[in-house]
Amino acid sequence: AFDAWGKGSGEIQISDENRKVQNTSSAVPVYTAGKYPIELTKNKKRYKIAFADILPKEEDRKSVSTLAIVFHADVELHFDNLEFIGKDLMDIWKTKE
């Protein structure tokens, strides 16, 4: 969950490097597993987004490697109050050995 305001649009993208899907519109590999569109408003708005809303299958959520906000064209973003919500989240911070 987070508060945001500004102008423009974008999307929250969840990536999984194991998918290795090449984005045809870019020379850079993009491993997008799911995305959630956001439209910024002038007034502060609270966004609450669950991984389960973006990736319904639990097995897909287990291999998330990156969470990003990707903007479309010219955007002005003000961002505040980032909060991770859920059960015990310590497992998501373990590094690969």
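**Salt bridges, core and surface patch**

In this predicted model, the side chains of Arg46 and Glu83 meet in a salt bridge, with an N to O distance of 2.6 Å. The pair connects distant parts of the chain, since Arg46 belongs to strand β3 whereas Glu83 lies in the segment after β4, 37 residues apart. Glu83 is partly exposed, its relative accessible area being 39%. Arg46 is likewise assigned to the partly exposed class, at 32%.

Arg46 has a second partner. Its side chain also meets that of Asp3 in a salt bridge, at 3.2 Å from N to O. Here too distant parts of the chain are linked: Asp3 is in strand β1 and Arg46 in strand β3 (residues 45-47), with their positions 43 residues apart in the numbering. Asp3 has a relative accessible area of 8%; it is therefore classed as buried, the limit being under 20%. Through shared partners, the salt bridges join Asp3, Arg46 and Glu83 into one network.

The count of salt bridges comes to 3. One of them is formed by the side chains of Asp80 and Lys44, at 3.6 Å from N to O. This pair also links distant parts of the chain, with Asp80 in strand β4 and Lys44 in the loop between β2 (32-39) and β3, 36 residues apart. Both ends are partly exposed: Asp80 has a relative accessible area of 30%, and Lys44 has one of 47%. As a general matter, side chains of opposite charge can pair when their charged atoms come close.

Attention now turns to the nonpolar side chains. The largest nonpolar core comprises 6 residues, namely Phe2, Ala4, Ile12, Ile38, Leu40 and Tyr47. Strand β1 (residues 2-15) makes the greatest contribution to this core, with 3 residues. Leaving aside residues up to four places away in sequence, Ile38 touches Ser9, Gly10, Glu11, Ile12, Tyr47 and Ile69. Among these contacts, Ile12 and Tyr47 are themselves members of the core.

Ile69, another contact of Ile38, leads to the surface. This residue lies in strand β4 and is part of a nonpolar surface patch together with Phe51, Leu67, Phe71, Leu77, Phe79, Leu82 and Phe84. Together the patch residues have about 700 Å² of accessible area. Strand β4 (residues 66-80) gives the most to the patch, with 5 residues. Why is Ile69 counted as partly exposed? Its relative accessibility is 31%, and the partly exposed class covers values between the buried limit of 20% and the exposed limit of 50%.

Conventions:
Residues numbered from 1 in each chain as written. Predicted model: local features only at pLDDT ≥ 70, side-chain atom pairs only at ≥ 80, totals over all residues. Heavy atoms only, no water. Patch = residues over 30% accessible without salt bridge, like charges linked within 9 Å, V, L, I, M, F, W, Y side chains within 5 Å. Areas by Shrake-Rupley, 256 points an atom, 1.4 Å probe, with all protein chains shown as cover. Salt bridge = Lys/Arg side-chain N within 4 Å of Asp/Glu carboxyl O. Helix = DSSP H or I, 4+ residues; strand = E, 2+ residues; numbered from the N terminus. Buried < 20%, exposed > 50% of the residue type's maximum accessible area, 1.4 Å probe, protein only. Core = buried A, V, L, I, M, F, W, Y, C linked by side-chain atoms within 4.5 Å. Contact = heavy atoms within 4.5 Å.
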